[in-house]
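Subject: Handover of a structure

Hello,

Here is the structure for you to look over. My notes on it follow below.

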Amino acid sequence: MSTPVHVAVLMGGWSSEREVSLRSGQAISSVLPGSRLIELEADALPEWLDGAKHVVLPVLHGGWGEDGRAQAEMEARGIAFAGCSSAA
């Protein structure tokens with residue numbers, strides 16, 4: 001039997017667009033039953049985020065969330081995510 005995969009909606013982070021990210025994340029989570037809303041207080045992924053258990057929907061605005069660094073960290077940790085690769 002396989003382990004169920006959970007959708008983790010990442011929002012927040014440290015940018016001038018934090019409030020937009022928080023509103024966007026809450027709106028998306030409200031229409032994805034069972035998703036886990038994760039408010040980031042810094043530009044870093046939570047240590048407990050696990051590629052075997054989670055698929056990430058990044059709703060991060062500004063620097064770290066839009067310049068490929070968040071995606072590169074997810075790629076390096078083997079965490080699947082929606083959206084473009086870090087190279088894009």
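How many positive and negative side chains does the protein chain have, and how far apart do the centres of the two sets lie? There are 6 positive and 11 negative side chains, and the two centres are 5 Å apart. Lys and Arg count as positive here, Asp and Glu as negative, while His and the chain ends are not counted. Each charge is placed at NZ of Lys, CZ of Arg, CG of Asp or CD of Glu.

Ground rules

This is a predicted model, in which local features need pLDDT of at least 70 and side-chain atom pairs count only at pLDDT 80 or more, whereas totals for chains, interfaces and linings use all residues. Residues are numbered from 1 along each chain as its sequence is written, and side-chain values use heavy atoms, with hydrogens and water left out.

Confidence

The mean pLDDT of the protein chain is 93 (pLDDT is the predictor's confidence in each residue, from 0 to 100). Of its residues, 99% reach 70 or more. Among the elements, helix α2 (residues 63-66) has the lowest mean, at 90. Strand β4 (residues 80-81) has the highest, at 97. Where pLDDT is low, the predicted coordinates should not be read in detail.

Overall fold

The protein chain has three helices and four strands. These are DSSP runs, numbered from the N terminus: helices are H or I with at least four residues, strands are E with at least two. Along the sequence the pattern reads β-α-β-β-α-α-β. The radius of gyration is 12 Å, close to the 12 Å that the globule rule gives for 88 residues, so the protein chain is as compact as a globular protein of that length. That radius is taken over C-alpha atoms, and the rule is 2.2 Å times the number of residues to the power 0.38. Along the principal axes, the C-alpha atoms fill a box of roughly 45 × 30 × 20 Å.

Of the 88 residues, 34% count as buried. Buried means under 20% relative accessible area, exposed over 50%, and partly exposed in between (1.4 Å probe, protein chains only). The accessible surface comes to about 5100 Å², and 56% of that belongs to carbon and sulfur atoms. Areas come from the Shrake-Rupley method with a 1.4 Å probe; for residues, only the protein chains shown count as cover.

Contact means heavy atoms within 4.5 Å. Among contacts with a separation of 6 or more, 63% are between residues 24 or more positions apart.

Strand β3

Two residues of strand β3 (residues 54-59) are worth a look. Histidine 54 is buried, at 8% relative accessibility. Leaving out residues up to four places away in sequence, histidine 54 touches Val5, His6, Ala8, Trp48, Leu49, Ile79 and Ala80.

Valine 56 is also in strand β3. Its relative accessible area is 1%, so valine 56 is buried. Beyond four places in sequence, the contacts of valine 56 include Ala8, Leu10, Leu49, Met74 and Phe81. Ala80 is another of them. The C-alpha atoms of valine 56 and alanine 80 are separated by 6.3 Å, with their positions 24 residues apart along the chain.

Helices α2 and α3

Tryptophan 64 sits in helix α2 and is buried, at 7% relative accessibility. Its contacts beyond four places in sequence include Leu40, Asp43, Arg69 and Glu73. From tryptophan 64 to alanine 42, the C-alpha distance is 9.7 Å.

Glutamate 73 belongs to helix α3 (residues 69-77). At 25% relative accessibility, glutamate 73 is partly exposed. Outside its neighbours within four places, glutamate 73 contacts Ala44, Leu45 and Trp64. Its C-alpha lies 24 Å from that of leucine 32, 41 residues apart along the chain.

The loop before β3

Is glycine 51 buried or partly exposed? With a relative accessible area of 32%, glycine 51 is partly exposed. Glycine 51 lies in the loop between β2 (36-40) and β3. Setting aside neighbours within four places, glycine 51 is in contact with Gly78 and Ile79. Glycine 51 and serine 21 are 23 Å apart, C-alpha to C-alpha, and 30 residues apart in sequence.

Best wishes
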